[in-house]
Amino acid sequence: MTDGRALLRGVMVPLITPMERPGTPCAAHAQPLLEELHRAGVHGLMLLGSNGEGPLIPTDRIGAFAAGVAARWRALRPDGPVLVNVTAPGTAEALQRAEAVLAARPTALVLSPPLYFAHREDEIVAHYAALQDLGLPVVAYNAPAYACPFTPGLADAVLALEHVVGIKDSSGDLALLDHLVARAARLPATGVSQGAETALAPALRRGADGIVPGIANAAPGPVVALYEAVRAGDDAAADRWQHIVTTLLGVHRVRRGVPVIKELLAARGLCPAHAAPPFTACTAAERTALAAFLDPLSEHLVPARSRP
């Protein structure tokens, strides 16, 4: 049985999806960023989540990308887990997406409740149960901005499924996180990770095993330092790093969402700025505003590389 606590421990990056052109993922274009994430001490990756534009990428394009990124990451860090998100509007499509990424040998699959419709809790539990026969552990993903939110009761029912080994909570609700940590403590090897970026240090102090912040694509160093400070019991350092991480999130005041992170990385020579339609690249005005915002924070960003 997979140890969910070990699986989710440390810093896991919900990787952006580099593309050779809009909507077409390219594993080779991920290599420079993967090398910098490894150098910063990142523990693992989650592919095709909200930061990875997963639901915007057709099923027939995700398999080769996931396999290519997984192979490249494992060459850098053989013990580093690679989780792949297969969230979809319905169970049939989630199963299709899961089967499409099996060649990547994911350490675990990640699944949110179904998108778009509001479902009863028994329907959501059945949605998770449908993945049991794939033979892979599953990490539940609470992303209430995009899917039906987890309640404490729903979390209990989903975590009771034998193949569900943990949960990533991006709600920012620390009372719910407390419930998840307490519930996981009563289950064998069940992990909890925090995805809400303004509450990374508080979540770790409350017992979360690890953190999965999107800003770590652009600033892995501060996120790893925050995790290590909490683990060492250095609350003052952890709070300083949390402040820096929260400040860096100001990039989303320039342009909300994935395009601004990709623009930041493109400016540093780490991946193209292409995004999946209907996302569009940042405008010239947004690029100027982004550069001005980041100038005093550049020491905290992933190092720039020369363009080939």
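In the predicted model, a salt bridge links D235 to R205, with 3.2 Å between the closest N and O atoms. D235 belongs to helix α10 (residues 235–248) and R205 to helix α8 (residues 200–205), so this pair ties together parts that lie 30 residues apart in sequence. D235 is partly exposed, at 42% relative accessibility. R205 is also partly exposed, its relative accessible area being 37%. Salt bridges with shared partners further join E35, E36, R39 and R305 into one network.

Within that network, E36 is bridged to R39, and the closest N and O atoms of this pair are 2.9 Å apart. Both residues are located in helix α2 (residues 31–40), where a spacing of three residues corresponds to about one turn of the helix. The two partners differ in their surroundings: E36 has a relative accessibility of 8% and therefore counts as buried, the limit being under 20%. R39, in contrast, has a relative accessible area of 57% and is therefore exposed, the limit here being over 50%. A further salt bridge is formed between the side chains of D122 and R120, at an N to O distance of 2.6 Å. In this pair D122 is partly exposed, with 44% relative accessible area, while R120 is exposed, with 54%. Over the whole structure, the search returns 13 salt bridges.

The strands were examined next. Eight strands form a closed barrel with parallel pairing, in the order β1-β4-β5-β6-β7-β8-β9-β10. One of the pairings in this barrel is that of β4 (residues 44–47) with β5 (residues 82–85), which is parallel and comprises three bridges. In this pairing, L45 of β4 is placed opposite V82 of β5. Helix α3 (residues 62–76) lies across these two strands, and its direction makes an angle of about 175° with β4. Helix α9 (residues 220–231) also packs on the sheet, where it touches β1 (10–14) and β10 (210–211). The angle between the directions of α9 and β1 is about 150°.

Helix α4 (residues 91–100) has three buried residues, namely A94, R97 and A98. Viewed down the axis of α4, these residues fall within an arc of 100°, so they line one face of the helix. The elements covering them include α3, β6 (108–111) and α5 (121–129). Helix α3 thus appears in two settings, across β4 and β5 and over the buried residues of α4.

The nonpolar interior was also analysed. In soluble globular proteins, nonpolar side chains tend to be buried together. In this model, the largest nonpolar core contains 90 residues. L47, V69, Y128 and L265 have the most contacts inside this core. Of these four, L47 falls within strand β4 (residues 44–47), V69 within helix α3 (residues 62–76), and Y128 within α5 (121–129). For L265, the residues touched are I16, L33, N217, A218, L270, C271 and V302, when residues up to four places away in sequence are not counted. A second core, separate from the largest one, is made up of twelve residues. Among its members are L7, L83, Y141 and V165. L83 is part of strand β5 (residues 82–85).

Conventions. Residues are numbered from 1 along each chain as its sequence is written. This is a predicted model: local features need pLDDT of at least 70, side-chain atom pairs count only at pLDDT 80 or more; totals for chains, interfaces and linings use all residues. Side-chain values use heavy atoms; hydrogens and water are left out. Two strands pair if DSSP finds at least two bridges between them. Contact means heavy atoms within 4.5 Å. Axes are lines fitted to C-alpha atoms, for helices over the stretch in contact, and angles run from 0 to 180 degrees between N-to-C directions. A nonpolar core is a set of buried Ala, Val, Leu, Ile, Met, Phe, Trp, Tyr and Cys residues joined through side-chain atoms within 4.5 Å. Buried means under 20% relative accessible area, exposed over 50%, partly exposed in between (1.4 Å probe, protein chains only). The arc is that of the directions from the helix axis to the C-beta atoms. A salt bridge is a side-chain nitrogen of Lys or Arg within 4 Å of a carboxyl oxygen of Asp or Glu.
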